[in-house]
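Trainee: Got a minute to walk me through this one? I'd like to talk about salt bridges and burial.

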Amino acid sequence: MTEFPFGFGPPNPDDRGKKEPSGGENPAEAFNQLGQMLSQLGQMLSQAGSSTGPVNYDLAKQIAMQRLTSGDVGFSTSTEYQSAVTDAVHLAEMWLDPATILPAGATSAKSWTARDWVEHTLPTWQRLCDPVARRVSGAWVDALPAEAKQAAGPLLSMVGQMGGMAFGSQLGNALAQLASEVLTSTDIGLPLGPPGTAALLGANIEEFTKGLERPNSEVMVFFAAREAAHQRLFTHVPWLRQRLLATVEEFASGIRVDTSALEQLATRIDPANPQSIEEAMRSGMLEPQTTPEQKAALTRLETLLALVEGWVDVVVGDAVTDRLPGADALRETLRRRRASGGPAEQTFATLVGLELRPRRLRAAAALWRLVGDRHGLKARDGIWAHPDLVPTGEDLDEPMDFADRVGQKPAIEDDPIAALEREAQAKRDEGPTEDSDKLD
């Protein structure tokens, strides 16, 4: 869990060490800054009045876009990037065809800027962040005594709007940080973008390539192959997208706050004093507690993420290793990047309250490799036919046993829905039974 729950983070580290304005500062400049602050505050308050959910997503988007505008981050994409992405995805799809039985899943290839990433992934972030914000924002209000709630009256509604602004502000800053680092739409393992869209962030890939001593075109094709492989999986395994997002939602909705501590805190809150409310929100007493249900959901999520990333790693490795000289080095760089957890993972942990990291990626990749080598691509990829067929965390510990079970009966034929359909068809083929003849 993170030290600060969603919406109640520490002060901006960029502000550390900044001196307070001195008395000798230019009065005109001070008045200009004050005017800008008041203008921004007015915009925020007007947006808060129109916000109905636990997070002010309009404010989040505005803050993210403003941060990405500064320094021209997100504006380096050109028609050259679009052409390069289209060519890279087309080439990657041809290389992937012999490496998996799943056909191409992307219907379009897009070159995104960082700002495009924010625009196109915000609907999914709303789905993921709402449960967390709703739990945390309502926790302290629920703990207030009935008398205090009645005395506060309309102030509680105002505080709810201010909470939505606080969440929106933190989300906006976090999305800007993520958008400046992610390389593809599926870079963090979740299908954040629109279905069927293979999207690469050319400027971020170019920045990532610095210091690798590999040509940018080679790195672009490598990430195009990873993005295309993800899209094949998310498109042709219908349950996977929903299962991943639903598991994150399940974890977030299970957040619980120590109400006994809140009851003690509530006695020190003056609803008419916004400063006392702000101090309560930052006191640390609102930090969520991890429940057994959350731990179980987290285990399932980590296993599923590892299986997705491990499958992509194996398939992409088979497709590009003999064609791209630096493929092995790039694969290892990504593995270490995901295993150690960079700023992107930390930002996601702040947003949703969990570290989105496939800790068992190597074990999952080894399992997929073993099954493929033993039983072929059809049996390996057929495991995705139904969620009950995919390996569990215990299977990652004992991959040989799992491979043996797959060998006993082709996994692709173990789909229970398909079994029922075959049974029904067999009965129809048999024709009228003896009992039905007697009735006639």
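Mentor: Sure, one term before we start: buried means under 20% relative accessible area, exposed over 50%, and partly exposed in between (1.4 Å probe, protein chains only). Also, this is a predicted model, so local features need pLDDT of at least 70, side-chain atom pairs count only at pLDDT 80 or more, and totals for chains, interfaces and linings use all residues. Residues are numbered from 1 along each chain as its sequence is written, and side-chain values use heavy atoms, with hydrogens and water left out.

Trainee: OK, how many salt bridges does the structure hold?

Mentor: There are 19, where a salt bridge is a side-chain nitrogen of Lys or Arg within 4 Å of a carboxyl oxygen of Asp or Glu.

Trainee: What does E93 pair with?

Mentor: R232, through a salt bridge with 2.8 Å from N to O. E93 sits in helix 3 (residues 79–96) and R232 in helix 8 (residues 216–236), so the pair ties together parts 139 residues apart in sequence. Helices here are DSSP runs (H or I, at least four residues) and strands are too (E, at least two), numbered from the N terminus.

Trainee: And is R232 buried or exposed?

Mentor: R232 is buried, at a relative accessible area of 1%. E93 is buried as well, at 11%.

Trainee: What about E250, which residue does it bridge to?

Mentor: E250 goes to R300, with the closest N and O atoms 2.7 Å apart. That pair links helix 9 (residues 238–253), which has E250, to helix 12 (residues 292–320), which has R300, so parts 50 residues apart in sequence are tied together. E250 is partly exposed at 39% relative accessibility, and R300 is partly exposed at 42%.

Trainee: Which residues are linked in a network of salt bridges?

Mentor: D313, D328, R331, E332, R335, R336 and R362. Within it, R362 and E332 have their closest N and O atoms 2.6 Å apart. R362 is in helix 15 (residues 361–382) and E332 in helix 13 (residues 327–340), so that bridge ties together parts 30 residues apart in sequence.

Trainee: Switching topic, what's the secondary structure of the chain?

Mentor: It comes to 19 helices and two strands. Of the 440 residues, 47% are buried.

Trainee: And how much area does the chain expose?

Mentor: About 21,900 Å², with carbon and sulfur atoms supplying 52% of it; accessible areas come from the Shrake-Rupley method with a 1.4 Å probe, and for residues only the protein chains shown count as cover.
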